[in-house]
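Biologist: Could you take one helix of this model and go through it with care, from its packing to the loop that leads into it? I would like a single connected account rather than a list.

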Amino acid sequence: MASITDRIDEVTKIPAKYMNAKLPAPKSVKIEISPRCNYRCGFCGLRTRQVQPKNDMDLGFFKRVTKEMREAGVEEIGCFYLGESFMNPKLLIDCITYLKSELKMPYVFLTSNASLSKAADVEACMKAGLDSLKWSINAADDEQFTKIMGVSAKLFHTALENVKAAYEMRKAKGYKTGLYASSIKYDGAQQVKMEALLDKSVRPYVDQHYWLPLYSMGAFATQREAELGYRPTAGNQGRLGALREPLPCWSAFTEGHVTAEGKLSACCFDATANWTMGDLHKLSFMDAWNSESFVKLRAAHLKKDVKGTVCENCLAY
């Protein structure tokens, strides 16, 4: 089985057949089954929402759109987007079960902050056939966690306990789910602190760990990052070790992103529906994927000139 970084690199590298404004179905799609999150991370676009949404995705709608995706050729589904999917573990388990048992989706993956991932729920996800579970670990100690994540340090320790518990449970029960972790590399001093934490509490309990750059989150998180003393990168350049050019942005070409409200977004950081390319309550997935607005935006990316588009500010760094 390919490593998680191999899979990421396959999505972030735009192949020749996807270097067009109108495209076949993407290989991968992330779906926000819950737009809610128990963290308030300084680097996350979710902070910019004036009103935090309360409604999770309807399971019937999830089944309809993922069936369309599979029939169109989608091979990988992420049961998350911006929110924390363990906010609604029952829905998460039901979604994974449907994808694997009914649609025979080849690869189902999930990213979580680990603080709500109770052992029983993680086991249910693994039993349902979850292929990959990645933890986001982005603080080195209580002080930094409280400052960056904006919540009690108690959750920091709970998350680390859950990371260990998932590994031990997988080992005891023999599940095949890959366990991974990623971390944002802020600066040199931060990396030293992070390395110590990772070596002690994360790397022993995952199959692979990798580093990410600090993203601009569609340019919406930059004011908060300035307050925290960090500088985001332009656009979404993938992972450290395999960075991509910001234009054309792979996010608009090789991966779909669906909000809990059923909107197809051109951006992997769209917390405010600023990059909506189609409403999947009104359009089929492929009609939205190749909507007039999406085709026009991709054409601008291919020309490497996004001035006047919704992507202009994000690429200003």
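Modeller: What follows is a close look at helix α4, its partner helix and the loop before it, in a model that is predicted.

Helix α4 spans residues 119-128, and its axis comes within 8 Å of the axis of helix α3, which covers residues 89-102. Two packed helices are described by the angle between their axes and the distance between the axes. Here the axes cross at roughly 10°, and since angles under 35 degrees count as roughly parallel, α3 and α4 are therefore roughly parallel to each other. On the α3 side, the contact is made by P89, L92, I93, I96, T97 and K100, while α4 contributes D121, A124, C125 and A128. Sorted by character, the residues of this contact of α3 with α4 divide into 7 nonpolar, 1 polar and 2 charged.

Turning to burial, the residues of α4 that are buried are D121, V122, C125, M126 and A128. Seen down the axis of α4, these buried residues fall within an arc of 165°, so they line one face of the helix. Of the buried residues, D121, C125 and A128 also appear in the contact with α3. The cover over the buried residues of α4 includes α3, together with β4 (132-136), α6 (154-173) and β5 (178-184). On the face of α4 turned away from its buried side, by contrast, one finds the exposed residues A120 and K127. After the helix comes G129, whose phi is positive, near 115°.

The loop that leads into α4 from β3 (107-112) deserves a look as well, and S115 has its place there. With a relative accessible area of 5%, S115 is buried, because buried means under 20% relative accessible area. The side chain of S115 is joined to the side chain of N38 by a polar contact of 2.8 Å, and a polar contact of 2.8 Å also joins the side chains of S115 and N113. Leaving aside residues up to four places away in sequence, S115 touches N38, Y39, L155, T158, A159 and N162. N38 is thus a residue that S115 touches and one to which its side chain is joined by a polar contact. Of the other residues touched by S115, L155, T158, A159 and N162 fall in the range of α6 (154-173), an element included in the cover over the buried residues of α4.

Conventions. Residues are numbered from 1 along each chain as its sequence is written. This is a predicted model: local features need pLDDT of at least 70, side-chain atom pairs count only at pLDDT 80 or more; totals for chains, interfaces and linings use all residues. Side-chain values use heavy atoms; hydrogens and water are left out. Axes are lines fitted to C-alpha atoms, for helices over the stretch in contact, and angles run from 0 to 180 degrees between N-to-C directions. Helices (H or I, at least four residues) and strands (E, at least two) are DSSP runs, numbered from the N terminus. Angles under 35 degrees count as roughly parallel, over 145 as roughly antiparallel, 65 to 115 as roughly perpendicular and the rest as oblique. Contact means heavy atoms within 4.5 Å. Ala, Val, Leu, Ile, Met, Phe, Trp, Tyr, Cys and Pro count as nonpolar, Asp, Glu, Lys and Arg as charged, and the others, Gly among them, as polar. Buried means under 20% relative accessible area, exposed over 50%, partly exposed in between (1.4 Å probe, protein chains only). A polar contact is a pair of N or O atoms within 3.5 Å; within protein, one must be able to donate a hydrogen and the other to accept it, and residues adjacent in sequence count only if both atoms are side-chain atoms. The arc is that of the directions from the helix axis to the C-beta atoms.
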